[in-house]
Amino acid sequence: MKMGNYSAVTEFFLVGLSKYPELQLLLFMLCLIMYVIILLGNSLLIVIIILDSRLHTPTYFFLGNLSFLDICYTSSSIPPMLIIFKSGRKSISFMGCALQMALSLGLGSTECVLLAMMAYDRYVAICNPLRYPIIMHRVLYVHMAAWSWIIGCLTSLLQTVMTMILPFCGNNVIDHITCEILALLKLVCSDISMNVFIMTVVSTVLLVIPLLLIFISYVFILSSILRINTAEGRKKAFSTCSAHLTVVILFYGSAIFMYMKPKSKDTNTSDEIIGLSYGVVTPMLNPIIYSLRNKEVKEAMKKVLSRHLNLLKS
């Protein structure tokens with residue numbers, strides 16, 4: 001496409017779901033309530049993990065990272081989304097859009113890797129319980145978490161820079177509710193084959209490969225669980241894995257639908273709804289799933305809450 005004499009884009013307009021103005025107030029209330037639940041639930045989970053010494057293990061170290069990640073992820077997208085729904089102010093600056101996209105990509109990529117690390121932790125805990133403290137020592141699991149963040153940040157930086165240096169030729173209306181990379185690339189008026197190639201590689205490395213590793217881990221885990229002699233032992237092993245597996249299905253299901261399905265020129269309403277699920281619903285459910293499905297977390301939560309109630313009474 002010929003670029004011509006176009007003015008540089010200094011801001012973007014987010015018009016996702018604008019076809020349904022009657023839903024704006026409802027979406028505002030739903031997102032606000034879910035955001036409050038995300039902040040309270042994940043913050044409470046982090047505090048409990050810090051305060052209860054019984055939870056100072058690799059498993060809960062990863063869970064604390066996941067909760068912190070969910071707080072950061074939603075804080076980068078939900079507040080601007082609430083402003084759009086409530087005030088109708090749909091503009092976002094060029095740098096603000098770039099920052100939102102970088103945070104979204106970085107934290108989403110980090111979660112992909114972190115969930116695979118958590119699956120490996122569960123594999124070692126159930127398949128090699130006697131060697132678990134030796135294998136999953138502090139240096140290893142801290143490095144595993146750190147590399148999850150580093151990989152996520154590097155892939156995000158690469159994709160964000162490669163997108164924002166492209167010419168938009170005056171096109172600044174994004175058919176989405178956030179500065180999502182796929183919606184932004186549709187505005188570009190030059191060749192994006194390199195960006196598509198990079199996205200394909202990143203999606204394969206951060207979605208397909210971790211998901212494959214998680215699947216292999218759970219094949220071995222299931223095999224080990226079925227060899228456990230006691231029903232109580234099998235129940236305990238299943239309960240420690242079911243929460244993680246539920247989160248994996250929710251997160252990867254939404255992510256694969258978003259980034260690996262055949263692309264169309266126009267953004268469908270279903271894409272935006274899945275985007276909301278990927279960015280809001282899943283982070284909200286994470287602390288609920290881990291607290292309801294995990295006996296140790298529930299006991300620690302009761303202990304912390306009773307301690308604070310006693311302090312208030314005294």
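Analyst: Buried means under 20% relative accessible area, exposed means over 50%, and partly exposed lies in between, with a 1.4 Å probe and protein chains only as cover. The model is predicted, so local features need pLDDT of at least 70 and side-chain atom pairs count only at pLDDT 80 or more, whereas totals for chains, interfaces and linings use all residues. Residues are numbered from 1 along each chain as its sequence is written, and side-chain values use heavy atoms, with hydrogens and water left out.

User: What makes phenylalanine 220 partly exposed?

Analyst: Its relative accessibility is 47%. That value falls between the buried and exposed cut-offs, so phenylalanine 220 is partly exposed. The residue is found in helix H7 (residues 193-226); helices here are DSSP runs of H or I with at least four residues, strands are E runs of at least two, and both are numbered from the N terminus.

User: Why is the group with Phe220 called a nonpolar surface patch?

Analyst: A patch takes residues with over 30% relative accessible area and no salt bridge; nonpolar side chains (Val, Leu, Ile, Met, Phe, Trp, Tyr) are joined within 5 Å, and like charges within 9 Å. The members are Met194, Phe197, Val201, Val205, Val208, Ile209, Leu212, Leu213, Phe215, Ile216, Val219 and Phe220. The patch covers about 1100 Å², with areas from the Shrake-Rupley method and a 1.4 Å probe, counting only the protein chains shown as cover for residues.

User: How many disulfides are there, and how do you know?

Analyst: The rule asks for a pair of cysteine sulfur atoms within 2.5 Å, and the count comes to one disulfide. Cysteine 97 and cysteine 179 are joined, with S to S at 2.1 Å, so the pair meets the rule.

User: Which parts of the chain does this pair tie together?

Analyst: Cysteine 97 lies in helix H3 (residues 94-127), and cysteine 179 lies in the loop between strand E3 (173-174) and helix H6 (181-185), so the bond ties together parts that are 82 residues apart in sequence. In general, a disulfide is a covalent bond between the sulfur atoms of two cysteines.

User: What is the handedness of the bond between cysteine 97 and cysteine 179, and why?

Analyst: The torsion about the S-S bond is about -125°, so the disulfide is left-handed.

User: Which of cysteines 97, 179, 112 and 127 are buried, and which are partly exposed?

Analyst: Cysteine 97 has a relative accessible area of 0% and is buried. Cysteine 179, at 2%, is buried, and cysteine 112, at 4%, is buried as well. Cysteine 127 has 21% relative accessibility, so it counts as partly exposed.

User: What makes arginine 54 and aspartate 52 a salt bridge?

Analyst: The definition needs a side-chain nitrogen of Lys or Arg within 4 Å of a carboxyl oxygen of Asp or Glu. Here the N to O distance is 3.0 Å, so the pair qualifies. Aspartate 52 is buried at 4%, whereas arginine 54 is partly exposed at 44%.

User: How many salt bridges does the structure hold?

Analyst: The structure holds two salt bridges. Besides the pair already named, aspartate 121 meets arginine 122 at 3.3 Å, N to O. Aspartate 121 counts as buried at 1%, and arginine 122 is buried at 10%.

User: How do you know what span helix H1 should have?

Analyst: The expected span is 1.5 Å times one less than the number of residues. For the 28 residues of helix H1 (residues 24-51) this should be 40 Å; the end C-alpha atoms are 40 Å apart, which agrees. Among the buried residues of H1 are Gln24, Cys31, Asn42 and Ile49.

User: Where does UniProt place the feature "transmembrane region"?

Analyst: The unreviewed UniProt entry places it at residues 25-50, 62-85, 97-120, 140-169, 205-226, 238-261 and 273-292. Positions are in the numbering used here, feature names are shortened, and annotations may be inferred rather than shown by experiment. Residues 62-85 are 100% helix and 0% strand, with end C-alpha atoms 34 Å apart. Residues 140-169 are 83% helix and 0% strand, with end C-alpha atoms 48 Å apart.

User: What is known about methionine 164 and its C-alpha distance to alanine 98?

Analyst: Methionine 164 is found in helix H5 (residues 138-164) and is buried at 12%. Alanine 98 is found in helix H3 and is buried at 11%. Their C-alpha atoms are separated by 6.9 Å, although the residues are 66 apart along the chain.
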